[in-house]
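Please look over the sequence and the model below before reading on. The paragraphs after them are meant to be read alongside both.

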Amino acid sequence: MKRLSIFLAALLCVVLAAVKVSAGTGDANEVEMVREFYQQYAVAFSISDNKTSFAKCDSVMNIYCSAEMCKDTKKDRMSGIAYDFATDNIGIDTLALQTLNVKYDNGAYTVTYKYNDMNDKRQKFIRNVKLKVGMKDGKISTVKAIE
């Protein structure tokens, strides 16, 4: 019984610690940091030369994103399908610079913007993007598309 109590207490501490580090604080500095990341990332992502664009995106991610997210991105570019972890593979362009909005809600950041996209028939349309951005130790650590 004593071992079970110790185990449950330790498990509770681990869960509480995980919840604490995965949530952002919502303070103005973090909101502005997330906004600055997506502004700089949109410019880098819009560079027409893929090699230059990837290098600039990596540079921006190294400043604003967790080491794990950066590692996953670089690994995927070398051996995967060039998945865009910063936008959950939706994409971003300079249209986002005029439409970007960041707000804090329930321990995470909601990032919204408009993006010039193309459907399967190669028809252009404007996509309304909504991302949930998680923070860990003051860095962007997770990005998930919502809705």
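What follows goes from the overall make-up to the hairpins, the side-chain contacts, the cysteines and the pocket.

This is a predicted model, in which local features need pLDDT of at least 70 and side-chain atom pairs count only at pLDDT 80 or more, while totals for chains, interfaces and linings use all residues. Residues are numbered from 1 along each chain as its sequence is written, and side-chain values use heavy atoms, with hydrogens and water left out.

The protein has five helices and four strands, where helices (H or I, at least four residues) and strands (E, at least two) are DSSP runs numbered from the N terminus. Read from the N terminus on, the order of these elements is α-α-α-α-α-β-β-β-β. Of the 147 residues in the protein, 34% are buried; here buried means under 20% relative accessible area, exposed means over 50%, and partly exposed lies in between, with a 1.4 Å probe and protein chains only.

The strands can be followed through two hairpins, with two strands taken to pair if DSSP finds at least two bridges between them. In one hairpin, strand β1 (residues 101-105) pairs with strand β2 (residues 108-118) in the antiparallel sense over five bridges, and Asp105 stands opposite Ala108 in β2. Two residues lie between these strands, and Asn106, whose place is in the loop between β1 and β2, has a phi near 55 degrees, a positive value in a residue other than glycine. Most residues other than glycine have a negative phi. Asn106 counts as exposed, because its relative accessibility is 73%.

In the other hairpin, strand β3 (residues 124-136) and strand β4 (residues 139-145) run antiparallel and are joined by six bridges, with Met135 standing opposite Ile140 in β4. This hairpin has two residues between its strands, and Asp137, which is placed in the loop between β3 and β4, takes a positive phi near 55 degrees. Asp137 is exposed, because its relative accessible area is 63%. Further back in strand β3 lies Asn128, a residue that is exposed because its relative accessible area is 60%. The C-alpha atoms of Asn128 and Asp117 are separated by 9.7 Å, and the two residues are 11 apart along the chain.

Between the two hairpins, the loop that links β2 and β3 contains Asn119, which is partly exposed with a relative accessible area of 29%. The side chain of Asn119 reaches the backbone nitrogen of Lys121 at 2.9 Å, a polar contact in the sense of a pair of N or O atoms within 3.5 Å, where, within protein, one atom must be able to donate a hydrogen and the other to accept it, and residues adjacent in sequence count only if both atoms are side-chain atoms. Among the helices, α3 (residues 50-64) holds Ser53, which counts as buried because its relative accessibility is 4%. A polar atom of the Ser53 side chain lies 2.8 Å from the backbone oxygen of Ala44.

How many disulfides does a search of the whole structure find? The search finds zero, with a disulfide defined as a pair of cysteine sulfur atoms within 2.5 Å. The sulfur of Cys65 has its closest cysteine sulfur in Cys70, and the two are not bonded because the 5.3 Å that separates them is too far for a bond. Cys65 counts as buried at 3% relative accessibility, and Cys70 is buried as well, with a relative accessible area of 8%.

The largest pocket has a volume of about 150 Å³. A pocket here is an open set of points on a 1 Å grid over the protein atoms alone, where a 1.4 Å probe fits and protein lies on both sides within 12 Å along at least five of seven lines; lining residues have an atom within 4 Å of a point. Grid points are joined across faces, edges and corners, and the volume is the space filled by probe spheres set on the points. The lining includes Ser66, Glu68, Met69, Tyr83, Phe85 and Lys144. The elements that give two or more residues to this lining are α4 (67-79) and β4, and β4 supplies the largest share, four residues. By type, the lining residues divide into four nonpolar, three polar and four charged, where Ala, Val, Leu, Ile, Met, Phe, Trp, Tyr, Cys and Pro count as nonpolar, Asp, Glu, Lys and Arg as charged, and the others, Gly among them, as polar.
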